[in-house]
Amino acid sequence: MLINHPILGPRDAQEFVYLGDANLLHRPDGLAEGAIAAFHDYAYQRGNPAGEHRELWYHEQGDRSWLVVTRNTVTHEILKVELARDVARREGRSR
Amino acid sequence: MANLKPLTALGHDAPEVLSIGAVRISERFDVALASVAARRGKAGDLASAAQGIGLPLPAPATHQAGDPWSAFWVAPEMWFVEAPFASHEDIAARLKAALGDTTSVTEQTDAWVRFDIAAPDLAPLFERLSNLDLARAPVGFASRTVIEHVGTYLVKRAAGEVVLYGPRSSAASLLHVLEVTAKSLL
Amino acid sequence: MSQSHRIAGGQIDRGVALRFSFDGKSYTGHPGDTLASALLANGVRLMGRSFKYHRPRGPISAGSEEPNALVELRSGARQEPNTRATVAELFDGLEARSQNRWPSLAFDALAINDRLNSFFTAGFYYKTFMWPAAFWEKVYEPIIRRAAGLGSLSRLEDPDEYDKGFLHCDLLVIGAGPAGLMAALTAGRAGARVILADEDFRMGGRLNAETGEVGGRPGADWAADVVAELAGLPNVRLMARTTVAGAFDHGIFGAVERVSDHLPAPLPGKPRQTLWRIYARRSLLAGGATERPIAFENNDRPGVMLAGALRAYANRWGVAAGDRVVVFTNNEDGLRTATDLQAKGVSVVAVVDSRRGGPLLPGLRHLQGAEVVDSAGRLGLSSVTVRMADGRTEVIPCTALGVSGGWNPNVNIHSHHRSRPVWAEGIAAFAPGADGPAGLAVAGAAAGRLSTHGALLGGQAEALAALGDLGIPATAGDLPKAEDAPVSITPKWYVQGGKGRAWIDQQNDVTVKDVKLAHQENFTSVEHLKRYTTLGMATDQGKTGNVIGLAVMAELTGKPIPETGTTIYRPPYTPVAMGALAGRSRGKEFKPFRLTPSHKWAAEQGAVFVEVGMWLRTQWLPRAGETTWRQSVDREVLATRKSVGICDVTTLGKIDIQGTDAGTFLDRVYANTFSTLAVGKCRYGLMLREDGMVFDDGTTARLAPEEYVMTTTTANAVTVFRHLEFCRQCLWPDLDVQLISTTEAWAQFSVAGPNARRLLEKVVDQDISDAAFPYMGAGNITVCGGLRGRLFRISFSGELAYEIAVPTRYGDALIRKLVEAGEEFGAVVYGTEALGVMRVEKGHVAGNELNGQSSALNMGLGKMVSKKKDSIGMPLSQREGMVAEGGYRLVGVKPVNPADALSAGSHFLPEGAAPVLANDGGWLTSMVWSPHLGHCIALGYLKGGDQKIGTRMRAVNFMNKTDVAVEIVSPHFIDPEGERLRG
C-alpha cells in the first residue's frame with residue numbers, strides 16, 4: 001500500500017507501523033470517577049469494521065509522524081490521511 | 001584536549017574510501033551533527049535566531065547547504081544540523097548558546113556513520129537499495145529511507161552525489177550492502 | 001538424429017550450435033531455442049512422467065502455462081526441479097533431466113499406478129489414508145512423500161545470490177505482444193516513464209509465433225523494430241525475462257527478473273534473479289491469452305499439443321513437432337495451424353473441426369462436425385481415432401495433433417484483488433471483469449480482443465487514456481495495419497462417449513471422470529472442486545485446464561458457466577523461487593549487525609559474543625586456562641563483587657527528552673513521578689502499558705531543568721520511543737516536549753564493585769566522592785583531561801556502581817583506558833552472562849520477568865505506581881483482578897539441597913501435590929548459578945508469594961523431567977538493605 005503522507009507525499013506502507021483504531025486518541029481521564037470502566041472500554045473495545053476505518057499509523061522509517069489514515073479495510077482504498085496531532089487537537093486534546 | 005584516540009564508525013583510525021567501478025564510497029569523519037527542534041510555539045523565534053547565525057532551516061524533505069552550518073529536515077519542526085567537526089566538535093553547546101530557549105538541541109555526531117556516495121549515474125545503485133525515486137528527486141532532496149533493514153537519512157547533494165547517514169553501530173553492515181550492490185553493477 | 005525435426009525459418013541463430021544434454025544424451029540446438037523447442041527439433045517428444053499415474057508426457061504448450069514438460073535443470077547445488085522446458089532458454093552446456101520416473105523415462109516402474117487408476121481417483125488421499133491414525137506419521141506420510149512430488153531438491157545450499165530493487169514509472173506495461181508494444185511505444189514517444197516487462201526472453205509475444213503481417217511486414221519484424229526504437233528511448237525501461245508476478249495495492253507490482261537463468265552460472269557479482277517492487281502510477285495488462293485444449297480419451301499422449309503451440313514451434317523455432325499432423329479445433333484460430341504448417345511443407349493429414357459449416361481449407365482433408373475420440377501410441381502419438389459427423393470412426397496415423405478449444409484471456413493480474421472475471425460469450429471464455437486494481441487497464445487478448453488489430457488499437461487507446469489521467473500530453477500515432485479476424489467458436493469442452501480417461505488438468509492428472517466424481521459427492525462449488533480433485537493446483541495453476549473443469553461442472557449442475565464462476569486468482573502468476581523472495585536476507589546477511597563501541601577491543605580479547613536483537617554483545621571473556629563458560633562467568637562475577645568490573649551497556653536505549661513540559665510528560669508516561677526529580681539526579685522508572693501491565697523500565701536522569709535522558713531496556717528501545725511519540729503527538733499534542741534517540745551517540749560503560757569509584761577517579765576530571773556525587777547522582781563531567789562525558793551513579797549489579805558515557809568515537813579508547821586504570825584493582829570486563837547473574841542475585845527484574853503479562857504488583861513494585869496522578873496504565877493497573885490478594889508475586893528461590901540444579905520454566909507445586917494444573921502455583925522465570933552463594937538461585941512468580949517467604953515447595957519441570965525441593969526466599973539474595981550501593 002501507499003500512504004499519502006500529508007507532509008511527504010506517497011510513502012510505502014512498509015515504512016509505517018500500524019497501531020489500530022484511531023479512537024485511541026480519546027484517552028479518558030485516569031483520575032475521574034469511573035475511570036476503570038472508561039479505560040476498560042478505551043483499551044479493549046475497538047471497532048473492526050469491514051469498510052471505512054480510521055486508523056493510526058506511525059511513520060517509523062520516516063519522519064516519525066503519527067497519522068490518522070481513513071482506509072476501507074475491504075478494498076484498501078485510502079480516503080484521507082491527516083497528522084494525528086492535528087486530529088487530536090481538533091478533537092479536543094491539548095495538554 | 002583529552003588523550004583519548006577516536007575511532008571511525010568502522011573501527012579504524014582513518015575513514016574508509018572505496019572505489020567500485022564508477023561508484024566511490026567515502027566514509028566521513030569530519031562532520032559534527034546535532035538535532036534542533038523548535039520548542040512548542042517557538043518556531044518563529046527559532047527562525048529568527050537561526051537567521052542570526054546563518055543557520056538554514058529548510059522545508060520538509062530538503063537539505064540546505066551553508067557555511068559553517070548546513071541542515072536537513074527530519075521531522076515536523078526538527079532538523080539535523082551539520083558543521084565541520086574540527087571547528088564544531090561542541091556543536092550542541094554552540095547551537096544551544098545561539099538559539100537559547102527557542103529550541104531543544106541534542107548532540108548527534110556519533111550516533112551516525114556518514115557515507116558520501118558518488119557516481120555519474122547513481123540510479124542503478126540506489127534502485128537496488130532504497131524505495132525512494134532518486135532519479136526524479138531534485139538536488140537538495142532529503143529523506144529517511146530503509147536500506148537492507150537499516151534506517152538511514154539520504155541527502156541528494158548533487159546529480160551524482162548522495163550523502164547517507166546510517167546508525168553508527170550498523171556502519172559495517174551498511175557499507176557491506178553498498179559494496180555488494182555496487183559490485184553487482186560491474 | 002541431429003535436429004531431424006528442424007524446418008526452415010524461425011527466430012533462431014542457426015550459425016551457432018549449442019550443445020546440451022537430456023537424461024545424459026547429447027543434443028544440439030541454437031540460440032533462441034527453448035529446451036522444449038530444441039528437444040522437439042531433435043525428435044524428442046517424451047519429456048516427463050505425470051504426477052499421479054506416471055503417464056508418459058510431452059509438452060502441450062510453448063509457454064509458461066506448460067503443465068507437463070517439467071524437468072530438472074543443471075546439477076550439483078544449482079540443480080533446479082520443476083522447470084518448464086517450454087520457457088527454459090537454451091544455453092551451451094545445459095544439463096536437463098526428466099523427473100518422477102524410475103529407473104528411466106521410457107520405463108517407469110511406478111507407471112503401475114496408471115493400471116491401478118481406479119484407486120487413485122479424486123479424494124483418494126482423504127479416503128484411503130484415514131485409519132488407523134497412528135499410521136499417518138509413520139507409514140502413510142512417508143509413502144506419499146516418496147511417491148508424490150515431481151522433481152527432487154539437491155539439498156545443497158543455493159550458491160547464487162538474489163537481489164531486490166525498487167522501480168518507479170508512469171506506466172507499467174505487462175506483456176510485450178502487439179498490445180503491450182503499441183502501448184509502450186505510444187507512452188514512450190510521449191516522454192512518459194515506461195516500464196515494459198515480459199516473461200519471455202524475446203519481446204513480441206504472439207507476433208513471434210504467427211505469420212500475419214503488421215504494417216506490411218512480418219509481425220515479428222515489426223516487433224523487433226519497435227523494441228529497437230523503445231531501447232533507444234531513455235524514458236523507457238525494457239525488461240525481458242521479467243515476470244510480473246502480482247498486483248498489490250495502490251499501483252505496486254512484484255516482478256521477478258531472471259538475470260542469469262539463461263547462463264550456466266551468474267557472472268561474478270551478478271544475482272541469479274532480482275525481485276523488483278514496481279511503483280506504477282498507471283499500469284496496463286497486456287498479458288495475452290492462453291489456448292485451452294479439448295478433452296478426449298487419452299489426450300495426454302506426447303505429440304498431442306495445443307494447436308497454437310504447434311504453430312509457434314514451426315513459426316518461431318523452425319520445428320515441426322511431428323511429420324504427420326492432424327488438427328482438432330472448435331474455432332477458426334485452429335485452422336491457422338493447418339494453414340501455417342502446410343505452408344511450411346509439413347504434412348497435414350486431416351483437419352478435424354467439431355463445428356458444422358464454416359470455411360473449408362483448400363487442399364486439406366477437412367472433416368467438419370467430426371471429433372477426435374481417442375489416441376494411440378506407446379510413448380508418443382502414433383494415431384488418432386476420429387468420429388465423423390455421420391458417427392463412423394476412422395483411425396488416422398499421425399505423429400502430432402494440434403488441439404484448439406479456444407483462447408482464455410490471461411486475466412490473472414487483473415483479478416489479484418479478487419475482481420471476478422466475466423463470461424464473454426463471443427469468445428467463449430472469461431474476460432476481465434469490473435473492479436480490477438485501481439489504475440490497471442487491460443488491452444489486447446488479455447481483454448478478450450483476440451485479433452492483432454484489436455490488440456494494437458487497445459494498446460494505443462489504453463496508453464493514451466493512462467497518459468491523459470496523468471496529464472501527460474500524447475498523440476495517437478498511425479496504427480499499423482494488421483489482421484482483424486472475428487472470433488468464430490462453438491464451445492466444445494470435452495468429447496462425449498469414451499470409456500477411458502479424458503485429461504483436463506495434466507499436471508495434477510485430473511480427468512473429466514474426476515470432475516464427475518466430485519459432482520457426485522457434492523463437491524460442486526469451484527473452490528471445493530479444486531480442493532477435492534486438485535484441479536488447477538501446482539506450478540501451472542490450471543492455466544490450460546481450469547476452464548474446461550468448471551465447464552464440465554457447469555454442465556453437470558445444469559448451471560451456466562458464468563454462474564459456476566472461477567476460483568480466486570492469487571499471486572504469483574507463475575512460480576517464484578524462494579531465493580528471489582529472500583533476496584540478500586540469508587545466512588550472515590539475514591539482518592544487519594549492530595556493534596558496540598567496545599567491540600573491537602573485545603574481539604581482540606577473544607570475547608564470546610551473543611546476539612541481542614541485532615546487537616552483538618560480549619557474553620563472556622574467556623581467560624587463558626578457562627575451559628567452560630561457567631569458569632569465565634564465575635570469575636567475572638566474583639571479581640566484580642570483590643573489586644570492580646566493567647561492562648559495555650551502550651545497547652540500552654537512550655532518549656533525550658527536552659521541553660518546558662518534559663517533567664509533566666514523564667509523570668504521565670512513567671508510573672512513578674519525575675517532575676520532582678532534582679537536577680543532577682536520576683531515578684528508576686517503571687513504565688506501564690495502558691492495560692496496566694509493565695511495559696519497560698530503566699533509569700531516567702535530569703541533566704537540566706528542561707532536559708532529561710531516559711534509558712530503556714535494549715529490547716524495547718524502539719517500541720518505547722514509538723510509544724513516547726504516540727503520547728506526545730496523539731494524547732497531549734500541546735505539551736512542550738521534544739524527543740530524540742541518542743542510543744548510539746554515547747558509548748556507555750558500567751563500572752561496578754567496591755573499587756568502582758577508585759577506578760573512575762583515575763579517569764574522571766571532577767570530584768566524584770560520595771559527598772560530591774552521591775547515590776543516584778547524574779551529570780555532565782569531563783574525562784581524561786577535558787573530553788565531554790556523562791556520569792550516572794546507578795547500579796544493576798547491586799554494587800557501588802556508575803555508568804560513564806563519552807561520545808561513541810572515544811568508546812574504544814575509554815574501554816582501554818578503564819581496563820588499564822583498573823589493572824591495579826584486578827578489574828575485569830564482564831559480559832551479559834555475569835550481568836544476568838548479578839541482577840538475579842540482586843533481585844532485579846529483566847526480560848524474563850518483563851514478559852508483558854506481569855504488573856508492577858506482580859514484580860513487587862506495586863508501591864511505585866502513583867495513584868495521585870494520572871499516568872499511562874495506572875487506572876487499569878488498579879482493576880480488581882490486578883490488585884487481588886494471592887496473585888503472582890516475585891519471589892526468590894533456592895534449592896533445599898544446595899547441590900540441586902534448578903531450571904527456568906519449572907512450575908511451583910506444594911509438597912506432595914499431584915503435578916496437575918489445579919495445583920500449579922506459578923513458575924520459575926530466571927535461574928543462575930551464584931558463585932557468591934555457591935548454589936543455584938532463581939526468581940519466579942508465585943501465587944501469594946509475598947506470604948510464602950520461608951516455605952518449601954517443589955519446582956517441577958516436565959521438559960527436563962526434574963522435581964526439586966526448593967525454599968521460597970526474598971528475591972534479594974545479596975545486600976538486601978542496599979548498603980553496598982551507597983558505599
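**Figure 1. The buried residue C:Ser866 and its surroundings.** In this predicted model, C:Ser866 has a relative accessible area of 16% and is therefore classed as buried, the cut-off for that class being under 20%. C:Ser866 is placed in the loop that runs between helix H21 (832-842) and helix H22 (874-877) of chain C. From there, the side chain of C:Ser866 comes to 3.2 Å from the backbone nitrogen of C:Lys868. When residues up to four places away in sequence are left aside, C:Ser866 touches C:Ala671, C:Thr673 and C:Met874.

**Figure 2. Helix H5 of chain C and the elements packed against it.** Helix H5 (residues 178-189) of chain C comprises 12 residues. From its first C-alpha to its last, H5(C) reaches 16 Å, close to the 16 Å expected at 1.5 Å a residue. Of the 12 residues of H5(C), 11 are buried, so the helix is largely enclosed by the rest of the structure. The buried residues include C:Pro178, C:Gly180, C:Leu181, C:Met182, C:Leu185 and C:Thr186. Four strands and two helices of chain C are shown with H5(C) in this view. The buried residues of H5(C) pack against strand S8 (162-174), strand S9 (194-197), strand S12 (236-239) and strand S15 (273-285) of chain C, as well as against helix H6 (219-231) and helix H9 (452-470) of chain C. After H5(C) comes C:Gly191, which has a positive phi, near 90 degrees.

**Figure 3. Salt bridges within chain C.** The structure as a whole holds 80 salt bridges over all chains. One of the pairs shown here joins C:Arg97 to C:Glu72, with 3.5 Å from N to O. Because C:Arg97 lies in strand S7 (residues 94-98) of chain C and C:Glu72 in strand S5 (residues 70-73) of chain C, this pair ties together parts that are 25 residues apart in sequence. C:Glu72 has a relative accessibility of 8% and counts as buried. In another pair, the side chains of C:Glu210 and C:Arg206 meet in a salt bridge at 2.8 Å, N to O. C:Glu210 counts as buried at 19% relative accessibility, whereas C:Arg206 is partly exposed, with a relative accessible area of 30%. A network of salt bridges links C:Arg55, C:Arg57, C:Asp114, C:Asp300, C:Arg501 and C:Asp509.

**Figure 4. The interface of chain A and chain C.** On each side of this interface, 36 residues are in contact with the partner chain. Chain A and chain C bury about 3,100 Å² between them, and 52% of this area is on carbon and sulfur atoms. A:Arg27, A:Arg85 and A:Arg95 together supply 22% of the area that chain A buries against chain C, more than any other three residues. A:Arg95 also forms a salt bridge with C:Asp661, in which the closest N and O atoms are 2.9 Å apart. Seven salt bridges are found across this interface, and 23 residue pairs are in polar contact, with both residues at pLDDT 80 or more. Strand S3 (17-21), helix H1 (35-44), strand S4 (52-58) and helix H2 (84-90) of chain A each supply at least two residues of the side that touches chain C. H1(A) gives the most, with six residues. By class, the side of chain A that touches chain C has 19 nonpolar, seven polar and 10 charged residues.

**Figure 5. The interface of chain B and chain C, with the salt bridges of C:Arg788.** This contact takes 51 residues from chain B and 53 residues from chain C. The area buried between the two chains is about 4,500 Å², with carbon and sulfur atoms giving 47% of it. C:Arg788 meets B:Glu89 in a salt bridge of 2.9 Å, N to O. That pair crosses from the loop between helix H2 (85-88) and helix H3 (91-99) of chain B, where B:Glu89 lies, to strand S42 (residues 787-792) of chain C, which holds C:Arg788. At 15% relative accessibility, B:Glu89 counts as buried. C:Arg788 also forms a salt bridge with B:Glu107, the closest N and O atoms being 2.8 Å apart. Across this interface, eight salt bridges are found, together with 33 residue pairs in polar contact, both residues being at pLDDT 80 or more. Among the elements of chain B that each supply at least two residues to the side touching chain C are strand S7 (103-107) and helix H5 (171-184). H5(B) gives the most to that side, with five residues.

Notes. Residues are numbered from 1 along each chain as its sequence is written. Chains are lettered from A and ligands numbered from 1 in the order in which they are written. This is a predicted model: local features need pLDDT of at least 70, side-chain atom pairs count only at pLDDT 80 or more; totals for chains, interfaces and linings use all residues. Side-chain values use heavy atoms; hydrogens and water are left out. Contact means heavy atoms within 4.5 Å. Buried area is the accessible area (1.4 Å probe) that two parts lose on being put together, summed over both. A salt bridge is a side-chain nitrogen of Lys or Arg within 4 Å of a carboxyl oxygen of Asp or Glu. A polar contact is a pair of N or O atoms within 3.5 Å; within protein, one must be able to donate a hydrogen and the other to accept it, and residues adjacent in sequence count only if both atoms are side-chain atoms. Ala, Val, Leu, Ile, Met, Phe, Trp, Tyr, Cys and Pro count as nonpolar, Asp, Glu, Lys and Arg as charged, and the others, Gly among them, as polar. Buried means under 20% relative accessible area, exposed over 50%, partly exposed in between (1.4 Å probe, protein chains only). The expected span of a helix is 1.5 Å times one less than its number of residues.
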